[in-house]
Amino acid sequence: MPRVEFSEVVRRRRMVRRYTTDPVDPAVVDRALAHAVRAPSAGFTQGWAFVVLDTPDDVARFWSATTGPGAPDRWLRGMSRAPVVVLPCSRKAAYLERYAEPDKGWTDRDEARWPVPYWHCDAAMAALLVLQTAVDEGLGACFFGVPPDRLGDLRAELGIPDDVDPVGAITLGHPEPGGATGSPGRRRRTPLEQVVHRGGWQG
Ligand SMILES: Cc1cc2nc3c(=O)[nH]c(=O)nc-3n(C[C@H](O)[C@H](O)[C@H](O)COP(=O)(O)O)c2cc1C
């Protein structure tokens, strides 16, 4: 049985950028991952992977690989308190291989066939399920990018293979007020009528 109505999960979900130091029940992380792999994927390729960091040492390794020297800012102070970091990753090669199979037939493995990089789409869809599970469980989460110039260090630190791309990172923990507000502090939600084009693109 859901703890929160689905529409409430959608409505309540906001990125949380500060956490208490309370641990997260490992069963919750498992449920988030179990939900993640229910995401749709092109050709049912499921070319995603999730690197889970859920010990203080491993979380510290993530932050030291992805941040520079100097005093941490408000964002980093709040985010680095999260007891769990999950890296949703995509593997392009899995898609090229899958679509070269007889039922798809793209044996040339030509990337020009792909309207957009579905490998990243699928990992993003899975990531949203992790974010929504956090809300369902009364926790907070934040999806954020890994700076490109830090990716090499992160790969080396965590042993992530070259053909696996972290599409970002997700902090998971118990929300605490006082974190960075992020872009919603500076921007308003765009009204629906400005983004919905019924019957074609008008206006
Ligand atoms: C692809 C993507 C990248 C993002 N990168 C960052 C980031 O690097 N740092 C951050 O604090 N938030 C990041 N966010 C969170 C957005 O700022 C946030 O989703 C947006 O401002 C809307 O706020 P809400 O999710 O709380 O509704 C990212 C979100 C997405 C979808």
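The following exchange concerns the ligand site, the largest pocket and an aromatic pair in a predicted model.

Colleague: Which residues are around the ligand, and what makes a residue count as near?

Modeller: The residues around the ligand are R13, R14, M15, R17, W75, F143, F144, G145, S183 and P184. Each is included because a residue is near a molecule if one of its heavy atoms lies within 4 Å of it.

Colleague: What makes the approach of R13 to the ligand a polar contact?

Modeller: A polar side-chain atom of R13 lies 3.0 Å from an oxygen atom of the ligand. The cut-off for a pair of N or O atoms is 3.5 Å, so the pair qualifies as a polar contact. From the backbone, an N or O atom of M15 lies 2.8 Å from an oxygen atom of the ligand, and a polar backbone atom of F143 is 3.2 Å from a nitrogen atom of the ligand. The protein buries 59% of the 620 Å² that the ligand exposes when taken alone.

Colleague: How is the shell around the ligand divided by class?

Modeller: The shell comprises five nonpolar, two polar and three charged residues.

Colleague: What lines the largest pocket?

Modeller: The lining has 16 residues, and R13, R14, M15, P184 and R189 lie nearest the centre of the pocket. By class, five are nonpolar, four polar and seven charged. Helix 1 (6-12) and helix 6 (118-136) each supply at least two of the lining residues. The space in this pocket is about 450 Å³.

Colleague: Why is the pair W63 and W75 called edge-to-face?

Modeller: The ring centres of W63 and W75 are 6.0 Å apart, within the 6.5 Å limit for a pair. Their planes stand at 80°, and over 60 degrees counts as edge-to-face, so the pair is given that name. The pair links distant parts of the chain, with W63 in helix 3 (residues 56-66) and W75 in helix 4 (residues 74-79).

Key: Residues are numbered from 1 along each chain as its sequence is written. This is a predicted model: local features need pLDDT of at least 70, side-chain atom pairs count only at pLDDT 80 or more; totals for chains, interfaces and linings use all residues. Side-chain values use heavy atoms; hydrogens and water are left out. A polar contact is a pair of N or O atoms within 3.5 Å; within protein, one must be able to donate a hydrogen and the other to accept it, and residues adjacent in sequence count only if both atoms are side-chain atoms. Accessible areas come from the Shrake-Rupley method with a 1.4 Å probe; for residues, only the protein chains shown count as cover. Ala, Val, Leu, Ile, Met, Phe, Trp, Tyr, Cys and Pro count as nonpolar, Asp, Glu, Lys and Arg as charged, and the others, Gly among them, as polar. On a 1 Å grid over the protein atoms alone, a cavity is a set of points where a 1.4 Å probe fits but cannot get out, and a pocket is an open set with protein on both sides within 12 Å along at least five of seven lines; lining residues have an atom within 4 Å of a point. Grid points are joined across faces, edges and corners, and a volume is the space filled by probe spheres set on the points. Helices (H or I, at least four residues) and strands (E, at least two) are DSSP runs, numbered from the N terminus. Rings of Phe, Tyr and Trp (its six-membered ring) pair if their centres lie within 6.5 Å; planes under 30 degrees apart count as stacked, over 60 as edge-to-face and the rest as tilted.
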